[in-house]
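Student: Could you take me through one part of this structure closely? I would like to see how a sheet and the helices around it fit together, and then how that part sits among its neighbours.

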Amino acid sequence: MEMRNVSIIGVGQTKFGDHPLLNAGELFAQAWTEAVANVGKGLDPKLVQEAYIGTLGVGGGQLGNFAAVVGEAAKLTGIPITRVENACASSGFAFRSAYLAVASGICDVALAGGVEKMRDLPPDRLRYWLGVSGDTEWERLAGMTFAGVYALMAQRHIYQYGTKEEQLHMVAVKNHKYGADNPKAQLQRAITLEQASKSAVVCLPLRMFDCCPTSDGASAAILCEGEMAKKFTDIPIRVLGVGAATDRLALFQREEFTTLKASVLASRQAFDMAHLEQRHISLAEVHDCFTIAEIMAYEDLGFCKKGEGGKLIEDGQTYIGGRIPVNVSGGLKAKGHPIGATGVGQICEITKQLRGEAEKTSRQVPNARYGLAHNVGGSGGTATVHILGR
Amino acid sequence: MAYVSIPTYSRSIPQRYALFGAKCESCLTVNFPNSISCLKCGGTRFSSIKLSGRGKIYCFTTVHRGGSPPEFSTQLNLVGAYDVAVIELEEGPRVVAQMTDCKSEELKIDLPVEATFRRIYEDEGMIRYGLKFRPVH
Amino acid sequence: MGCGLYIPRLRIKREEFQKTWGYFAPRWLEEKSVAGFDEDSITMGVEAASNALRNTSCEAAALDAVLFATTSPPYAEKQNASTIATALGCKSNIASLDVTSSTRCGLSALLSGFDFVSSGRGDECLVVASDSPSGDPVAPLDHQFGAAAAAAIVKRNQSSCSVESTFSVTTESLGERFRRDGQDHVSTVDVGRYYEMLSGDAVKSCVNGLIGRLNRSPQDYDFFSLHGFDDPKATELSRKLGFEDNKVVPTLVSNKIGDIGAAAALLGLSRILELASTKQHIALCSYGSGGADALSIAVENELKPLRGLGFESYMERKEYIDYATYLKLRKFSRGS
């Protein structure tokens, strides 16, 4: 079967952060409405034939049949809607599913999105939900949630490659700088290296500013068959590379703790399909749930050699003007991480950057041509990499 | 809170209490915790082997309030931050467990440690026992 | 028969109690052991039992019974011995028994262990005595309570020592030391003189019965170990029974780690076996509510613990805590 080309014609995203008065459906409706309005030459929403929505369902308010809730909220009741859950990579996989639906010819216009409400839970319940995507039987009962697992990765990375704790904090400083210029970001406040180095310990060596916040938020992206897309927009953003993979759930059962195999595999698939190399990429949105995750992502995605991630950030190569701008949206660190919404949120950012539509020029990557979105579930059990191009 | 059910917990009691691992009959790799097929070669026939409990630290972290699952809230509140380590057992497999009977400052990668039977947490009215590790004296 | 012991790392000094309450009730005690937040009589018992197995080069899989003695079982109902047996890796076709309700029960369990083996019910029996009693923090009784465990492997036809005789006495004593069902704390009615008389009589009749049976006298013994009393009283009572201090004092453990309830007798026995040599005779008596048991042993071959597992080694491994931490640990084990 011949796979068709697929393009993105509209994207929308709520501000990530606190939305105490909106439930998950209402939150999604906001992102969806913005996405429809974002379609350059207008789109009749009734043309959307299929939808894939990523969410973990934090809080358990509506764990089952969430698809029906989305249908009602977005006035899409009637079409097939699927809830996709792969932990923090939920909407990355939702996007993949929407892509496959259009590329295969099952439909011409599909919606991919995500939503999460996390800010309305008391601390113990929230921590319970934060732990559900990890290995429950062994890692959790040894007393760890993700902060602990990523802390172990950080320790090994420091031990094996000489990465410095300071380099972890540099990632936070960069992402906060860009988050401050992103009106959709949860944390719009630049921080200094000193503040990051002195912040409260969460799990050594990770401190408060090394960890992304919990967030409410939603995101939406409308995909369309390649030729048909030109009817809806003058700047369709083409989906050029699609990769996804899985790995063992528990960190302690993996061979290496300093790399996420799922990221490596997904990245290779995406680059191969797009017929591109790392040097072609203008910007990347990577999964920095913890600062160490961004450093490992530089290596896993092939932007630098194994072990040199720390050097890349220290040399400023991941700022605009450097070799490969990373997370100019603020990343999960400053933009926020509503678990189900993050993956498509990254797609929204890349789409806007490729169109030259970042709200502030201070965070617009000049002449952006190809962008990469990297979304990871949990401690690396699942991952997607998508490459988009003008 | 966490909800690892009694049957699920109990299925792994020979591992959690007494370190019974599974030695693959094809490639002789020791699997722990047990799985349906050998981690190395995919074989499905095993013989039971009681592990010694001795090993060394592969990596570790100290967990403070923001990073702990709710089962350990009371422990954190009353006795403070705790250390968790991945330990490479002398028979080969890696395990993850809390450290006990030592201060965080004593920990380092490659430190020789041994298993000790302790209370881990409580759930559904039952004390959930298991193994923690301490530096070898 | 061979032994093993375990003393938890944490210790608290008398000064901490003096700072908090203005006094420290047991004048004979400098510091005592405290169970860690993740320890209880079961976990301590598993440690002591593991050590006993190592010291005697025995395998858990060969055990035919596990007897567990304590006054502070984590479960009032749900067998505790079975947890210990499972943690050690015992086979499933064994007998298991919890023996509780009195500080006497440690030695009672050991005597039952002998019965199990000598009756032919099994070849090898593990007896574990482990305790971590606690009293109301406001009351003086709590001041003396420590935590520890000891274990003995009893085997037929082994050559380290032989049991020559036993004797038991059962009496009713009200309010001396008790804990009602559902209560956390051990209490006492504290009519001191009266209890001294009762316990003294019980011990006298038990010890005299023991050595009388063998037509012996106190001079025939190299060690006499008496448990169920604080150390000054134990020494005084032993003197009255005709045993010189030099035979008694080395066997006492409470003055070093506190009142460890049912574990005292077996810990004392482990201690003596470390010190005793071939051909020596040991008499042991343990008193608690309900009466007293006594035991006479002849040492045939020395069986010393492995390096690092002996009493002195455990005494050296310590970390001091303050009173606030002591209270937090009590709250954690009672309140969570």
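**A sheet and its helices in chain C**

Tutor: Happy to. A good place to start is a pair of strands in chain C: strand S4 (residues 65–70) of chain C and S5(C) run parallel and are joined by six bridges. Within that pairing, Val66(C) has Ser96(C) of S5(C) opposite it. Please keep in mind that this is a predicted model.

Now widen the view to the whole sheet. It is an open sheet of five strands in chain C, in the order S1-S7-S6-S4-S5, and its pairing is mixed. Which strands stand at the edges? They are strand S1 (2–6) and strand S5 (95–100) of chain C; each has a single partner strand, so one side of each has no neighbour in the sheet. From one strand to the next, the twist averages 15°.

Next, the helices that lie on this sheet. Helix H3 (residues 81–88) of chain C packs on it and touches S4, S5 and strand S6 (124–131) of chain C. The direction of H3(C) makes about 130° with that of S4(C). Helix H4 (residues 105–118) of chain C packs on the sheet as well, touching S4, S5, S6 and strand S7 (148–155) of chain C. Its direction makes about 175° with that of S6(C).

Each of these two helices also meets another helix. Two packed helices are described by the angle between their axes and the distance between the axes. Take H3(C) to begin with. Its axis and that of helix H2 (residues 41–56) of chain C come within 10 Å and cross at roughly 45°, which makes H2(C) oblique to H3(C). The crossing of H2(C) with H3(C) is right-handed. On the H2(C) side, the residues that meet H3(C) are Ile42(C), Gly45(C), Val46(C), Ala49(C) and Ser50(C). They face Thr83(C), Ile84(C), Ala87(C) and Leu88(C) in H3(C). By class, this contact has six nonpolar, three polar and no charged residues.

Turn to H4(C), whose helix partner is helix H9 (residues 263–275) of chain C. These two pack at an angle of about 65°, with their axes 5 Å apart, and H4(C) is therefore roughly perpendicular to H9(C). H4(C) brings Gly106(C), Leu107(C) and Leu110(C) to the contact, while H9(C) brings Ala263(C), Ala264(C), Ala265(C) and Leu266(C). Sorted by class, the residues of the contact of H4(C) with H9(C) are six nonpolar, one polar and no charged.

With that part in view, let us look at the neighbours of chain C. Chain C meets chain B: 21 residues of chain C are in contact with 20 residues of chain B. The elements of chain B that give two or more residues to this side are helix H2 (13–18), helix H3 (73–79), strand S7 (112–123) and strand S8 (126–135) of chain B. S7(B) gives the largest share of that side, five residues. By class, the side of chain B that touches chain C has nine nonpolar, five polar and six charged residues. Chain A does not touch chain C; the nearest C-alpha atoms of the two chains are 13 Å apart.

What is chain B like as a whole? It has three helices and eight strands, which run α-α-β-β-β-β-α-β-β-β-β from the N terminus on. Its C-alpha atoms fill a box of roughly 45 × 35 × 25 Å along the principal axes. For its 137 residues, a compact globule would have a radius of gyration near 14 Å, and the 16 Å of chain B agrees with that.

Chain B also touches chain A, with 29 residues of chain B in contact with 27 residues of chain A. On this side, strand S4 (54–63), strand S5 (82–89) and strand S6 (94–98) of chain B are the elements that give two or more residues. Its classes are 18 nonpolar, ten polar and one charged. Of the two pairs of chains in contact, chains A and B share the most contacts.

Terms used. Residues are numbered from 1 along each chain as its sequence is written. Chains are lettered from A and ligands numbered from 1 in the order in which they are written. This is a predicted model: local features need pLDDT of at least 70, side-chain atom pairs count only at pLDDT 80 or more; totals for chains, interfaces and linings use all residues. Two strands pair if DSSP finds at least two bridges between them. Helices (H or I, at least four residues) and strands (E, at least two) are DSSP runs, numbered from the N terminus. Axes are lines fitted to C-alpha atoms, for helices over the stretch in contact, and angles run from 0 to 180 degrees between N-to-C directions. Two residues are in contact if their C-beta atoms, placed from the backbone, lie within 7 Å. Angles under 35 degrees count as roughly parallel, over 145 as roughly antiparallel, 65 to 115 as roughly perpendicular and the rest as oblique. Ala, Val, Leu, Ile, Met, Phe, Trp, Tyr, Cys and Pro count as nonpolar, Asp, Glu, Lys and Arg as charged, and the others, Gly among them, as polar. The radius of gyration is taken over C-alpha atoms; the globule rule is 2.2 Å times the number of residues to the power 0.38. A crossing is left-handed if the near helix is turned anticlockwise from the far one by less than a right angle, and right-handed if clockwise.
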